[in-house]
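Consider the protein shown below and follow its parts in turn. The explanation begins with a single residue and its surroundings, and then moves outward.

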Amino acid sequence: RLYPNKEQRTFFNKTFGCCRFVYNHCLWMKSCIYEETYMNFNPNLRSFKEEWEWLKEADSQGLANAYMDNKKAYQSFFDGKTKYPKYKRKTDKQSYRNAMMHSDINELIVGNKIIIPKAGPVSFRQGYDFHNLGITKVWNITVKKTPTNKYFCSICCEVEEPKPLPHTDKDIAFDLGLKDFLVDSDGNVVHNPKYFKKSQDKLAKEQ
């Protein structure tokens, strides 16, 4: 989960809106030209930025990916793989993808901050140590915003082949229960986390 400052939130929100605009305008142009000529048409993204200069304030990689996503969705429809693309709304999922960030995880994540292009270092909650996961290359990152105004970032990466564990002839058995979650034949006990009971108040509030 990301914890962007005020300027970074403004940048993310601008990029979400600009990506939605590019996707919808491409779809509108394609639909109009197809109705008149029955031809598939791909507009020039550069001409969009020349006509609407405020698009330059957004993440250019996000715009390019929104353009390519529309092109792919439109072609998939004509290939008979999917339904006709729908216009994106502000109430839909808000996200954008960037593949031009640091490919080295040690340069992408520094301390408790992740370096996002044009947004700069963004604070995030680190649940585990990325540097010990055997990540060899970062391919892209996706920034998204939830309906409750929380920001998240997912990282698509390549990791090392896992090393096989040493072979052993030892057998072990597991018993699942109610009082204790799991007990193995060596007597090790995993206690019941009772997630539902702990989440009842939160669940009632959300409902």
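In this predicted model, a suitable starting point is Gln 94. Setting aside neighbours within four places in sequence, Gln 94 is in contact with Phe 16, Arg 20, Val 143, Lys 144 and Lys 145. Gln 94 itself belongs to strand 2. Is this residue buried or exposed? Its relative accessible area is 14%, and because the cut-off for a buried residue is under 20%, Gln 94 counts as buried. Its side chain also reaches the backbone oxygen of Lys 90, at 3.5 Å.

A second polar residue, Asn 98, also lies in strand 2. Asn 98 is buried, with a relative accessible area of 3%. What does its side chain meet there? The side chains of Asn 98 and Asp 59 are joined by a polar contact of 2.8 Å. With neighbours within four places in sequence left aside, the contacts of Asn 98 include Gln 61, Asn 65, Pro 117, Asn 140 and Ile 141.

Phe 16, one of the contacts of Gln 94, leads to the aromatic residues. Over the whole structure, a search finds 10 aromatic pairs. In one of them, the rings of Phe 16 and Tyr 96 have centres 5.9 Å apart and planes at 55°, so this pair is classed as tilted. The two residues come from distant parts of the chain: Phe 16 is in helix 1 (residues 6–37) and Tyr 96 is in strand 2 (residues 94–98), 80 residues apart. Both Phe 16 and Tyr 96 are buried. Another pair, formed by Phe 124 and Phe 130, is edge-to-face, with 6.0 Å from centre to centre and 65° between the planes. Phe 124 and Phe 130 are both buried as well. Ring pairs also build a cluster, which links Phe 11, Phe 12, Phe 16, Tyr 96 and Tyr 151.

Aromatic rings are also found beneath charged groups. Lys 88 lies over the face of Tyr 23, at 4.5 Å from the ring centre. The charged end of Lys 137 sits over the ring of Trp 139, 3.9 Å from its centre.

Tyr 96 and Phe 12, both members of the aromatic cluster, appear again in the largest nonpolar core. This core has 32 residues, and those with the most contacts inside it are Leu 2, Phe 12, Val 22, Tyr 96, Leu 108, Ile 114 and Ile 116. Which elements supply at least two residues each? They are helix 1, helix 2 (45–51), helix 3 (60–78), helix 4 (105–108), strand 4 (113–116), strand 5 (120–124) and strand 6. Helix 1 gives the largest share, 7 residues. Ile 116 shows how separate stretches of sequence are brought together: beyond its neighbours within four places, Ile 116 is in contact with Leu 2, Phe 12, Tyr 96, Val 122, Ile 141 and Val 143.

The last region to examine is a hairpin. Strand 6 (residues 135–145) and strand 7 (residues 151–159) pair in the antiparallel sense over 9 bridges. Within this arrangement, Val 138 stands opposite Cys 157 in strand 7. The hairpin has 5 residues between the strands, and Asn 149 takes a positive phi near 65°. As a rule, side chains in a regular strand alternate between the two faces of the sheet.

Conventions
Residues numbered from 1 in each chain as written. Predicted model: local features only at pLDDT ≥ 70, side-chain atom pairs only at ≥ 80, totals over all residues. Heavy atoms only, no water. Phe/Tyr/Trp six-rings, centres within 6.5 Å; stacked < 30°, edge-to-face > 60°. Helix = DSSP H or I, 4+ residues; strand = E, 2+ residues; numbered from the N terminus. Buried < 20%, exposed > 50% of the residue type's maximum accessible area, 1.4 Å probe, protein only. Lys NZ or Arg CZ within 6 Å of the ring centre and 35° of its normal. Pairing = 2+ DSSP bridges. Polar contact = N/O pair within 3.5 Å; in protein donor to acceptor, adjacent residues only side chain to side chain. Contact = heavy atoms within 4.5 Å. Core = buried A, V, L, I, M, F, W, Y, C linked by side-chain atoms within 4.5 Å.
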